[in-house]
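User: Please take a close look at one helix packing in this model, and then set it in the context of the rest of the chain. A connected account is preferred to a list.
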Amino acid sequence: GGATGAAAASDILLDDIVLTHSLFLPTEKFLQELHQYFVWAGGMEGPEGLGRKQACLAMLLHFLDTYQGLLQEEEGAGRIIKDLYLLIMKDESLYQDLREDTLRLHQLVETVELKIPEESQPPSKQVKPLFRHFRRIASCLQTRVAFRGSDEIFCRVYMPDHSYVTIRSRLSASVQDILGSVTEKLQYSEEPAGREDSLILVAVASSGEKVLLQPTEDCVFTTLGINSHLFACTRDSYEALMPLPEEIQVSPGDTEIHRVEPEDVANHLTAFHWELFRCVHELEFVDYVFHGERGRRETANLELLLQRCSEVTHWVATEVLLCEAPGKRAQLLKKFLKIAAICKQNQDLLSFYAVVMGLDNAAVSRLRLTWEKLPGKFKNLFRKFENLTDPCRNHKSYREVISKMKPPVIPFVPLILKDLTFLHEGSKTLVDGLVNIEKL
């Protein structure tokens, strides 16, 4: 606010301004500041005023380019952007040298989907079938698209007897919203909060661990583990809740993995992970590290990718441990090592890491007789892979390998989050009351 602050802002790099905004100001507040700055610059005459208007135009362009689809989550943003756009276009004749920029601004304002409460709502969009994250059934065959907090999904909520109801809910829905939908489905009469017979929502893991979710918690779907399910029950049946039978009663035997070629598995992993990875907006990384719980609705796609990495790791270990014959287990180890090698060749380091970490699981590592049956060539290959995933010297081996790769690359995403966390916690965001631009 104020002339001095506005003048100084025009001299800061645009990347720093947009990132600073994402950390400190809500979108609507940032746009209001930009709008006030443009009006203030309009009161100045000569080249100085024109220069600051042009800086404002460039900043708005960069902002819209960076955010685009994410703006649909901000209800008040649309009106301010349109007001600012009209102010800029009034002076279009002053921007002869920036003709391309004004045309680009016009296109962005038209194409960005803005949610404006006063206007009629857009036609209802197709509901994305997301059954408890990776329990997708046929939806795994569909092209992945980015999820937003306002998107609607289908989700199963189980009862103590393991029957379930399928509800339609927003991805950012709170516990209270979910229980309301379940209650309506079950045709319960509404009960006052705190009554013993009112429903509660519980996340139950395959290990039997139970977490009671509080009514005010939101974005529940992004917080569930890969083997967790939502249960609705009354308080007196809480202790009796049990995991689903298929989660605890696993029967060993032949599975499809024994009959599928390693190339097919690796290529399918890469294709699917690429679809998930390209849905993650770069600002999700910032929100995940800087905002923590407050950023959950903005980080749904990143959370989904992280859970997928954990799922593949557990899947690899599970397939090996379910195989009873040591000879067949050794063949399976060879197959997974081939899959990891092909994923690395595909520059899918997320799948590569997940498979190697699955083989490095303590329960798999101690299968001494199985590892002895593995040919020496594959033992050496596994040692090479372990060295590549070794966290020593801040993942030096991995960083050297990925630095030599040319895009497209699917990186090991948890390491990016680790780096951002160290940058965030190791440097002050504000120094003497001023934004630490070097950190940002």
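Is the crossing of α9 and α11 left-handed or right-handed? Please also describe the contact behind it.

Analyst: The crossing of α9 and α11 is right-handed. The model is a predicted one, and what follows is computed from its atoms.

Helix α9 covers residues 262-277 and helix α11 covers residues 300-322. Their axes lie 10 Å apart and make an angle of about 160 degrees. Angles over 145 degrees count as roughly antiparallel, and α9 and α11 are therefore described as roughly antiparallel to each other. On the α9 side the contact is made by Val265, Leu269, Phe272, His273, Leu276 and Phe277. On the α11 side Leu304, Leu305, Arg308, Val312 and Trp315 take part.

One residue from further along the chain touches both helices of this pair. Valine 413, which belongs to helix α18 (residues 413-426), has Phe277 and Leu305 among the residues it touches, and both of these also take part in the contact of α9 with α11. Setting aside residues up to four places away in sequence, the other residues in touch with valine 413 are Phe285, Leu302, Leu306 and Leu350. The relative accessible area of valine 413 is 0%, so this residue is buried. Its C-alpha atom lies 9.0 Å from the C-alpha atom of cysteine 309, although 104 residues separate valine 413 and cysteine 309 along the chain.

A second helix pair can be set beside the one in question. Helix α12 (residues 326-345) and helix α13 (residues 349-359) have axes that come within 8 Å and cross at roughly 155 degrees. This pair is therefore also described as roughly antiparallel. The hand is another matter: α12 passes α13 in a left-handed crossing, whereas the crossing of α9 and α11 is right-handed. From α12, the residues that make the contact are Leu333, Phe336, Leu337, Ile339, Ala340, Cys343 and Lys344. From α13, they are Ser351, Phe352, Val355, Val356 and Leu359.

The chain also contains an open sheet. Its 5 strands follow the order β2-β1-β5-β3-β4, and the pairing is mixed. The edges are taken by β2 (164-170) and β4 (210-213); each has a single partner strand, so one side of each has no neighbour in the sheet. From one strand to the next the twist averages 40 degrees.

Taken from the β2 edge, the pairings run as follows. β1 and β2 are antiparallel and share 7 bridges, one of which can be placed at cysteine 155, whose partner in β2 is isoleucine 167. The two strands form a hairpin with 5 residues between them, and histidine 162 in the turn has a positive phi of about 75 degrees. β1 then joins β5 in the parallel sense through 2 bridges, with valine 157 partnered by leucine 230 of β5. β5 (residues 228-234) is joined to β3 (residues 199-205) by 7 bridges, and these two run antiparallel; here isoleucine 200 stands opposite cysteine 233. At the other edge, β3 and β4 are antiparallel and joined by 4 bridges, and leucine 201 has leucine 213 in β4 as its bridge partner. The hairpin of β3 and β4 has 4 residues between the strands, and glycine 208 takes a positive phi near 95 degrees there.

Leucine 230, in strand β5, is buried as well, because its relative accessibility is 0%. Among the residues it touches are Cys155, Arg156, Val157, Tyr158, Leu201, Val202 and Leu213. Val220, Phe221 and Leu224 are also in touch with leucine 230. The C-alpha atoms of leucine 230 and leucine 213 are 9.6 Å apart, with a separation of 17 residues along the chain.

The sheet has a helix laid on it. Helix α7 (residues 175-186) lies across β1 (152-158), β2, β3, β4 and β5, and it runs at about 135 degrees to β2.

As for the chain as a whole, it has 18 helices and 7 strands. Of its 440 residues, 45% count as buried, valine 413 and leucine 230 being among the buried residues. Among contacts with a separation of 6 or more, 70% are between residues 24 or more positions apart. The accessible surface comes to about 23,300 Å², and carbon and sulfur atoms contribute 52% of it.

Technical notes
Residues are numbered from 1 along each chain as its sequence is written. This is a predicted model: local features need pLDDT of at least 70, side-chain atom pairs count only at pLDDT 80 or more; totals for chains, interfaces and linings use all residues. Side-chain values use heavy atoms; hydrogens and water are left out. Two strands pair if DSSP finds at least two bridges between them. Axes are lines fitted to C-alpha atoms, for helices over the stretch in contact, and angles run from 0 to 180 degrees between N-to-C directions. Contact means heavy atoms within 4.5 Å. Buried means under 20% relative accessible area, exposed over 50%, partly exposed in between (1.4 Å probe, protein chains only). Accessible areas come from the Shrake-Rupley method with a 1.4 Å probe; for residues, only the protein chains shown count as cover. Angles under 35 degrees count as roughly parallel, over 145 as roughly antiparallel, 65 to 115 as roughly perpendicular and the rest as oblique. A crossing is left-handed if the near helix is turned anticlockwise from the far one by less than a right angle, and right-handed if clockwise.
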